[in-house]
Amino acid sequence: TAERPVNFIRNIINDDLATQKHQQVKTRFPPEPNGYLHIGHAKSICLNFGLAEDYQGGCNLRFDDTNPAKEDMEYVESIKRDVEWLGFQWDGEIKYSSNYFETFYDCAVELINKGLAYVCFLNAEETREYRGSLKEPGKESPFRNTAPQENLALFEKMRAGGFKEGECVLRAKIDMASSFMCMRDPTLYRVRFEHHHQTGDKWCIYPMYDFAHCISDAIEGVTHSLCTLEFQDNRRIYDWLLEHLDAFNRPDRPHQYEFSRLNLEYTVMSKRMLHQLVGDKLVEGWDDPRMPTISGMRRRGYTPASLRDFAERIGISKVDSMTEMGILEAAIRDDLNVVAPRTMAVMDPIKLVIENYPEGELESIQAPVHPQNEEMGKREIFFGRELYIDRADFMETAPNGKYMRLAINKEVRLRNAYIIKGERFEEDADGNVTTVYCSYDPETLGKNPADGRKVKGVIHFVEASKALPAEFRVYDRLFTVANPAKEDDFEAVLNSESLLLKQGFVEPSMANAPVEQAYQCEREGYFCRDNKITDRLVFNRTVGLRDVWAQ
Ligand code: ATP
Ligand code: MG
Ligand code: MG
């Protein structure tokens with residue numbers, strides 16, 4: 001396998017293999033099915049599945065479905081789709097934490113029998129009060145020393161539906177004076193009368209993340225359990241639980257390692273905020289091309305290769321930081337520059353009439369699909385008396401010597417075709433140019449003028465009779481500030497111009513563009529055929545040709 005840059009996690013794995021603590025690497029990606037995956041999840045997916053690939057181990061896809069109130073099968077389906085689209089295959093069957101509900105229950109009973117867990121009837125506020133603060137130790141719950149037999153009966157009653165939501169919880173008996181607040185008798189189980197998408201109404205007690213996660217890892221034989229830095233303290237619970245459960249307290253039991261989460265400029269990544277954007281209809285949905293979701297980025301034209309490359313570029317560390325949008329865009333540009341067919345599209349069309357071109361004649365020209373890659377072949381474009389060019393490519397008089405576009409009495413080359421010269425133009429009552437009249441030099445198809453005159457500018461065009469009407473959706477950053485999550489009201493800093501619709505024309509080679517097919521529309525940017533609206537030609541701008549973020 002190709003050597004990837006070392007990082008601290010690879011160093012740990014290399015050591016664990018060298019000392020034979022583990023024979024094989026087993027990782028997992030454990031999404032909660034309570035929303036769509038975003039680019040931050042992609043970082044975690046690339047890390048976990050990437051390690052499994054490189055070390056010829058396996059990576060489980062496990063739905064961490066212990067909180068049924070917010071979960072839904074729609075999310076389960078979208079997560080599977082996104083992981084596969086990124087090009088990864090999970091090991092064996094898909095796993096659900098809910099598969100292990102019986103085992104979790106048995107583990108809780110084991111802790112109760114060992115005098116390491118108790119049913120606590122303090123309410124939420126009392127629990128907080130008793131927990132104390134970093135400056136002072138907590139107070140022990142009055143229920144902390146209930147006898148195991150009694151706790152067992154109470155816990156069975158919890159399972160049987162004998163207590164109301166919030167009336168009691170099961171807590172681990174760890175250390176009310178710990179300097180890690182999460183070790184001050186954390187909750188293991190709570191009562192929730194919720195229907196679950198996998199287990200139906202079988203359960204009315206649900207395990208907490210800290211309890212379910214380490215046991216799920218251990219059941220699945222996970223060796224390296226990778227999570228983000230905010231779980232650093234929780235590692236103590238992870239270890240404590242596995243050390244106190246007989247079946248799992250083994251030298252090869254899983255260990256948790258933390259890495260920094262991805263934060264990307266000009267977007268938000270918290271599921272709560274993404275839910276809010278969708279719920280308040282501030283975007284079209286989870287797969288709106290402006291969303292940082294994998295499905296949104298896919299619809300926008302990001303490729304799996306580009307997201308995997310992005311994950312490589314940002315690397316893995318333990319330092320929280322904000323990643324620049326430019327890094328993500330460089331990854332997609334570098335991919336599309338190589339793979340995207342070239343085309344010409346006019347997004348703000350004005351008519352161009354070549355007066356010395358014979359009326360009714362249509363010329364077929366073979367243009368390269370990719371100027372740097374002959375193997376990609378040729379495409380047919382057309383040339384005739386009437387064409388479309390972009391409004392931005394014409395001015396009555398060139399403002400200076402550096403102006404490379406069309407003007408009256410100025411020559412430019414039409415890309416893949418002839419040199420033309422502006423002769424005169426017409427405008428409407430508002431002073432908008434409607435038609436530019438030109439002459440062309442018939443001796444300049446694919447060659448320079450014989451008299452040696454230099455024509456520097458090149459503009460793109462589409463022949464009018466063969467042009468296909470198309471809609472272009474030009475996206476900009478979703479927020480006007482680099483860190484919208486920091487704002488009191490992040491919706492107030494939405495960019496009102498994050499979507500610009502343009503009606504124009506594409507060349508006929510794009511008539512049957514498959515959905516998600518990427519193109520470089522020369523001089524305009526990278527676009528892809530929308531994967532949702534398919535009854536007409538709609539193209540999403542993936543990214544411009546140059547980095548505009550660096551300024
Ligand atoms: P949120 O806190 O917004 O609800 P989450 O972290 O709870 O997100 P999960 O579905 O639990 O979302 O995440 C699944 C996995 O993806 C976890 O292991 C988590 O650490 C990882 N992950 C989530 N967000 C990021 C991120 N921004 N960068 C890197 N990894 C992430
Ligand atoms: Mg969450
Ligand atoms: Mg989570």
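Which of the 15 residues around ligand 1 come nearest? I looked there first and found Pro31, Gly40, Ser44, Arg261 and Lys271. A residue counts as near a molecule or strand when its C-beta atom, placed from the backbone, lies within 6 Å of it.

A note on the model before going on. It is a predicted one, where local features need pLDDT of at least 70, side-chain atom pairs count only at pLDDT 80 or more, and totals for chains, interfaces and linings use all residues. Residues are numbered from 1 along each chain as its sequence is written, while chains are lettered from A and ligands numbered from 1 in the order in which they are written.

Back to the shell around ligand 1. I see helix 2 (39-54) and strand 8 (224-228) each giving at least two residues, and helix 2 has the largest share with 4 residues. Helices (H or I, at least four residues) and strands (E, at least two) are DSSP runs numbered from the N terminus. I sorted the shell into 5 nonpolar, 5 polar and 5 charged residues. Here Ala, Val, Leu, Ile, Met, Phe, Trp, Tyr, Cys and Pro count as nonpolar, Asp, Glu, Lys and Arg as charged, and the others, Gly among them, as polar.

Next I checked phi. Most residues other than glycine have a negative phi. Asp185, not a glycine, has a positive phi of about 50°, and it sits in the loop between strand 5 (169-172) and strand 6 (187-191). Asn409 also has a positive phi, near 65°, in the loop between strand 17 (406-407) and strand 18 (411-414).

Is Asp185 buried or exposed? Asp185 is buried, because it has 25 C-beta neighbours inside 10 Å, and the cut-off is 20 or more other C-beta atoms within 10 Å, with positions placed from the backbone. Asn409 is exposed (12 or fewer), as 11 other C-beta atoms lie within 10 Å.
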